[in-house]
Every structure is written in C-alpha cells, then in structure tokens.
Amino acid sequence: MRKIKIESFLDVFPTMEELPEAIFSLMEAAIVAREKAYAPYSDFFVGAALLLDNGETIAGSNQENASYPSGLCAERTAIYYAGATYPKAHIKAIAITARAKDKLTTTPIPPCGACRQAIAEYEIKQRSPIPLYFMGESGEVLKSESLENLLPLLFTSKYL
Ligand code: THU
C-alpha cells in the first residue's frame with residue numbers, strides 16, 4: 001500500500017475590488033444574475049457569469065422547483081445556455097456569487113460537486129483551463145486556476 005497526496009492552491013483576493021478589471025466586471029454580471037434567481041424554497045440566491053472568447057458574457061441563476069431535484073444550480077444554468085448558444089466558444093473565466101436571505105454570506109461559496117462535474121466537461125472539451133472566481137455576498141474572492149484544481153480525480157470520458 002502507498003499513499004498519494006492531492007494538493008490544491010487557490011488565490012485569495014481580499015475583496016472583489018482587488019480583482020482584475022475584466023473579472024470585476026464579470027463578477028458584477030454574476031451579482032446581477034444572482035438577483036434574478038428563482039429560489040423560493042432555499043432563499044439562497046446564486047449567480048454565475050461566464051466570459052467567452054467571442055466576447056460574450058453569459059449569466060445564469062439558480063432555478064428552483066416545487067419538485068426540489070428538478071431545480072438547477074446557477075452554474076449549470078449558465079454553462080448549458082452557453083454550450084447550447086455558442087457551441088464553439090471557449091470559456092475564459094467563470095465568476096460565482098451567492099447570498100442568503102437573512103444573513104450576510106461573507107465566505108466564498110464554491111460550486112457544488114455536480115456543477116464541478118458539469119464544468120469539467122467543458123474544460124476538457126476546450127482543452128484549456130477555466131479559471132473560477134467565487135465569493136459570497138461580500139468579502140474574500142477565491143480563485144481556482146482551473147476546474148480540475150477544484151475536482152482532482154475527476155471522472156471523464158476517457159474511462160468509458
Ligand atoms: N446552488 C447553486 O446554484 N449552485 C451551487 O453550486 C450550489 C447550490 C443552489 C441550488 C439551490 O437552488 C440553492 O443553491 C440551495 O442549495
């Protein structure tokens with residue numbers, strides 16, 4: 001038996017004001033999207049914005065359903081729309097923000113496991129890393145240089 005060690009490094013920006021200009025604007029788009037979330041069951045509002053290499057910004061928010069599992073996270077709402085609308089475009093960056101209804105969310109909110117798996121598909125498809133920036137309502141922004149950095153040992157089509 002031997003052990004393997006898996007390490008990830010993330011960059012920490014103290015606030016979104018410290019982000020590079022294009023990413024600051026992308027986070028602003030995510031905030032606008034977050035406020036359009038349909039989240040009457042969780043009261044947890046998430047926005048995601050994707051910057052494409054064709055210059056377009058695609059945004060999405062979580063869309064809930066009375067049949068809970070039928071709802072969809074913000075990240076997948078955005079990335080599936082981007083994939084369906086611009087199938088050849090590459091994703092240059094993703095910004096994510098989330099807030100709760102009754103308390104201030106200051107910790108960065110990372111994408112859930114299912115969204116990581118979905119984003120991984122596009123990172124592999126475009127053969128270049130997708131940087132992800134995520135935050136709460138305010139406070140620190142975390143940057144992961146790629147999706148794979150957030151989801152080591154990911155399951156891919158190479159195993160099929
Ligand atoms: N949610 C997202 O939109 N993205 C995530 O990565 C985590 C969770 C949504 C799903 C649901 O509408 C609400 O947040 C509470 O889980």
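These are my notebook entries on a ligand site, two nonpolar cores and several single residues in a predicted model.

**Entry 1. The ligand site**

I began with the residues around the ligand and found S42, F44, V46, N62, E64, C73, A74, E75, P111 and C112. By class, I recorded six nonpolar, two polar and two charged residues in this shell. I then asked which elements each supply at least two residues of the shell. They are strand β2, spanning 44–52, and helix α2, spanning 74–85.

I next looked up the polar contacts of the ligand. In the side chain of E64, an N or O atom is 2.5 Å from an oxygen atom of the ligand. A polar backbone atom of A74 is 2.9 Å from an oxygen atom of the ligand. For E75 the partner is a nitrogen atom of the ligand, 2.8 Å from an N or O atom of the side chain. The protein buries 76% of the 370 Å² that the ligand exposes when taken alone.

**Entry 2. The nonpolar cores**

I turned to the packing of the nonpolar residues. In soluble globular proteins, nonpolar side chains tend to be buried together. The largest nonpolar core here has 26 residues, and I noted L50, I91 and I94 as those that touch the most other members. Two or more residues of this core come from each of β2, α2, β4 (91–100), α3 (113–126) and β5 (132–135). A second core, separate from the largest, has 14 residues, among them A30, A93, A95 and V141.

I followed I91 further and listed its contacts beyond four places in sequence. They are L50, L51, L52, I79, Y122, Q126 and I130.

**Entry 3. T97 and R34**

I placed T97 in strand β4. Is T97 buried or exposed? Its relative accessible area is 0%, so T97 counts as buried. A polar atom of the T97 side chain lies 2.6 Å from the backbone oxygen of G136. Apart from neighbours within four places in sequence, I listed M27, A30, I31, R34, F45, V46, G47, M135, G136 and E137 as contacts of T97.

R34 appears in that list, and I looked it up next. R34 lies in helix α1. With a relative accessibility of 5%, R34 is below the 20% limit and therefore counts as buried. Its contacts beyond four places in sequence are F45, V46, G47, T97, A98, R99, G136 and E137. I noted that F45, V46, G47, G136 and E137 are in contact with both T97 and R34.

**Entry 4. Y38**

I located Y38 in the loop between α1 (21–34) and β2. Its relative accessibility is 41%, and Y38 therefore counts as partly exposed. Which residues does Y38 contact, leaving aside neighbours within four places in sequence? I found N62, Q63 and E64. For Y38 and N62 I also took the C-alpha separation, which is 6.2 Å across 24 residues of chain. N62 and E64 are also among the residues around the ligand.

**Entry 5. Positive phi at D43 and R127**

I then checked backbone angles. Most residues other than glycine have a negative phi. D43, although not a glycine, has a positive phi of about 55 degrees. D43 is in the loop between α1 and β2. With 26% relative accessibility, D43 counts as partly exposed.

R127 is not a glycine either, and its phi is positive at about 55 degrees. I found R127 in the loop between α3 and β5. Its relative accessibility is 77%, so R127 counts as exposed.

**Entry 6. I124**

Last, I looked up I124, which lies in helix α3. Is I124 buried, exposed or partly exposed? Its relative accessible area is 41%, and I124 is therefore partly exposed, since that class lies between 20% and 50%. Not counting residues up to four places away in sequence, I124 touches L154 and T156. I also recorded the C-alpha separation of I124 and S157, which is 9.4 Å for residues 33 apart along the chain.

Methods: Residues numbered from 1 in each chain as written. Predicted model: local features only at pLDDT ≥ 70, side-chain atom pairs only at ≥ 80, totals over all residues. Heavy atoms only, no water. Near = heavy atom within 4 Å. Polar contact = N/O pair within 3.5 Å; in protein donor to acceptor, adjacent residues only side chain to side chain. Areas by Shrake-Rupley, 256 points an atom, 1.4 Å probe, with all protein chains shown as cover. Helix = DSSP H or I, 4+ residues; strand = E, 2+ residues; numbered from the N terminus. Nonpolar A, V, L, I, M, F, W, Y, C, P; charged D, E, K, R; others polar. Core = buried A, V, L, I, M, F, W, Y, C linked by side-chain atoms within 4.5 Å. Buried < 20%, exposed > 50% of the residue type's maximum accessible area, 1.4 Å probe, protein only. Contact = heavy atoms within 4.5 Å.
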